[in-house]
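Here is a quick tour for anyone meeting this structure for the first time. Keep the 3D view open and follow along.

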Amino acid sequence: MENRERMEVDVLFVGGGPASLAGALHLMNRISEYNKDVESGKVQGERIEDPMVVLIEKGAEIGAHGLSGAVMDPVTLRELVPDFEERGAPVEHRVTNESLYYLLPNSQVRAPFIPSPLKNHGGLVISLSRFNRWLAGLVTGSGCEIFPGFPGVEVLFDGDRVIGVRTGDKGIDKNGNRKGNFEPGIDLIAKVTIFGEGPRGSLTKGLIPRLGLNEGKDPMTYLTGVKEVWELPETRTGKGEVIHTLGYPLPADTYGGGFIYPMSENRLTLGLLAGLNSPDPFFDTHERFQEFKRHPFVQSMLSGGKLLEYGAKTVSISGYASMPRLCFDGGMLIGDSAAIFDSRRIKGIHLSMKSGMLAAEAAFSALLKNDFSQEALSLYEASLKESYAGRDLLSSRNFHQGFDRGMITGMMNAAFGLVAGGKGLTRWRGLKSDYEQMKRVRDYCGNSDPKNPVKFDGELTFDKVSDVFHSGTIHDEDQPCHLHVKDLSICHGRCREEYQNPCVKFCPAGVYEMAMDEAAGEERLRINFTNCVHCKTCDIRDPYGIINWTPPEGGGGPKYKLM
Ligand code: SF4
């Protein structure tokens, strides 16, 4: 029995993204206002003395694992930090001009108008990793404790009541033995635990089925986004311009699109999002993104520039119909972990922040009443539904569900939803999980990938290993592999036969490799876990559902600065 340190806290936020950061700051602000009102006699009651509010993050620092497009709707930031500009929020640009292009292999057609959900006028172009770091400064200044490098590895229960989270051990070698620097994880015992782990949270994915939070809901479905930031010799687009693309290089059976946004200091950020429900077993988002950069329209913007940073992450796209029950005894779910995302606007940051703030409001009320039951915390779910965030989620409830039936149906359904207040052509329910939608090679395309392999030139296009180098990803090699494949015999048998080991393709960091094993006399799966950028694609898209992503030792993973 390990002798672990036990730390009692009032409220624990798990994950250091915008949902948790906004929630922690709002909670500290509410407690501070309340205490002042008690002191002045405006409110009858007792002060909340020395509240212990803690936020844990698996990355080496806040922002290290933050990645998004990102054009942020400022509505929630204005509520949380009304003077955000004076307080130095890292805004790259305000959107003043936007365009939408349909790309063909060698040309492009500009859309004559921008569909209203894609209008971003007044939106803030940000780097989420920079934004999170800035917000973390305010959170720390408010008195909340932030522990970076502390992944949550286990939810602690008392019966079905969540009572906190255990953090990961440090100093275990690759064979599972303790090294000289071994430190056991801490048990953080909380009155309220708020899970804001981002898409496919490693704790949330077990918590939801255990508490039956997804009963009657559709499964969550995802996109993978790959993104690069470039430095250019001069500005190539108008300041404040944002460009979205559809079409090439995505095939008609794969949902997604591209984006190109200028940043400050002659930097350009560009990326490609693609659905993890693609039927193509050879689909490789990283490779398609390299093709995207070779398109003449995109290439002309990058000439003479150099790659600064690379990253990849999944986005939870299925929205309202997949949102689990958000409250339970001792805890709540916020942000992407709870599918809080507007798929019609392709926006989630402001909704995540709002969900964090409303969960914080419920936690504040629970602290006053000393009641942390599901019933007390359900204030959060009710207020989310009544807020602008809830209205946005409701009005986009059928958008992605239409695209799940193909691009043409999706477009017709999206157009109908625009004039019908979010209603769908029919009552779309019954989304399939992404991993169920990949086709076997022989059913999809015969017996080999018909696409020509992309040649990487090291200037415009990069192989996965070079791109991972630009993500700053580091893991100590002498630790257990954090990617657990439940049954390797499936990889070497059925999967090789039926899907030709699609993990080699769908991982945007080249973690999975089929390499010759001399002893076995055949290729075997090699897992280069130190390359992992924590995108979670493998945990979602593997067609047998046998890959389990778990957190590696705290502080490992990408070190994003500009994503
Ligand atoms: Fe993403 Fe999985 Fe590859 Fe890591 S191993 S980069 S989580 S697909």
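Which ring does the charged end of Arg178 sit over? That ring belongs to Phe182, and the charged end of Arg178 is 4.1 Å from its centre. Before going further, bear in mind that this is a predicted model. There's another contact of this sort in the protein: Lys536 lies over the face of Trp549, 4.6 Å from the ring centre.

## The whole protein

Let's step back for a moment. The protein holds 17 helices and 24 strands. Along its principal axes, the C-alpha trace spans about 70 × 60 × 50 Å. How does the radius of gyration fit with a compact globule? A compact globule of 563 residues would have a radius of gyration near 24 Å, and the protein has 23 Å, so the two agree. As for what's tucked away, buried residues make up 60% of the 563.

## Rings that pair up

Now for the aromatic residues. The structure holds nine aromatic pairs. One of them is Tyr34 with Phe364, an edge-to-face pair with 5.7 Å from centre to centre and 75° between the planes. This pair ties together distant parts of the chain: Tyr34 sits in helix 1 (residues 18–40) and Phe364 in helix 7 (residues 349–369), 330 residues apart. Both Tyr34 and Phe364 are buried.

Another pair, Phe131 with Trp134, is tilted, with 5.7 Å centre to centre and 40° between the planes. Here the partners are both in helix 3 (residues 128–141), three residues apart, or about one turn of the helix. Phe131 and Trp134 are buried as well.

## Around the ligand

What surrounds the ligand? A shell of 13 residues does, and the closest are Cys507, Cys532, Cys535, Lys536 and Cys538. You've already met Lys536, the residue that lies over the face of Trp549. By type, the shell divides into 11 nonpolar residues, one polar and one charged.

## A small sheet

Next, find the open sheet of three strands, which run in the order 3-7-4 with antiparallel pairing. Its edge strands are strand 3 (71–72) and strand 4 (91–94), each pairing on one side only. Strand 3 pairs with strand 7 (residues 124–126) in the antiparallel sense, over two bridges. To spot this pairing, look for Met72, which stands opposite Leu124 in strand 7. As a general point, strands of a sheet pair through backbone hydrogen bonds, either parallel or antiparallel.

Strand 6 (residues 107–110) is where you'll find Val109. Is Val109 buried or partly exposed? Val109 counts as partly exposed, because its relative accessibility is 46%. Try comparing the place of Val109 with that of Ala89: the two are 20 residues apart along the chain, and their C-alpha atoms are separated by 36 Å.

## Backbone oddities

Most residues other than glycine have a negative phi, and most peptide bonds are trans. A few spots in this model go the other way, and the table lists some of them.

| Site | Feature | Value |
|---|---|---|
| Gly69 and Ala70 | cis peptide bond | omega about -5° |
| Tyr248 and Pro249 | cis peptide bond | omega about 5° |
| Glu265 | positive phi | phi about 55° |
| Gln500 | positive phi | phi near 55° |

Where do these sites lie? Ala70 is in the loop between strand 2 (53–57) and strand 3. Pro249 is in the loop between strand 15 (241–247) and strand 16 (256–262). Glu265 is found in the loop between strand 16 and strand 17 (267–275). Gln500 belongs to the loop between helix 15 (488–498) and helix 16 (503–506).

The two residues with positive phi also have their accessibility worked out. Glu265 is exposed, because its relative accessible area is 58% and the cut-off for exposed is over 50%. Gln500 has 34% relative accessibility, so it counts as partly exposed.

Technical notes:
Residues numbered from 1 in each chain as written. Predicted model: local features only at pLDDT ≥ 70, side-chain atom pairs only at ≥ 80, totals over all residues. Heavy atoms only, no water. Phe/Tyr/Trp six-rings, centres within 6.5 Å; stacked < 30°, edge-to-face > 60°. Helix = DSSP H or I, 4+ residues; strand = E, 2+ residues; numbered from the N terminus. Buried < 20%, exposed > 50% of the residue type's maximum accessible area, 1.4 Å probe, protein only. Lys NZ or Arg CZ within 6 Å of the ring centre and 35° of its normal. Near = heavy atom within 4 Å. Nonpolar A, V, L, I, M, F, W, Y, C, P; charged D, E, K, R; others polar. Pairing = 2+ DSSP bridges. Rg over C-alpha atoms; globule rule 2.2 N^0.38 Å.
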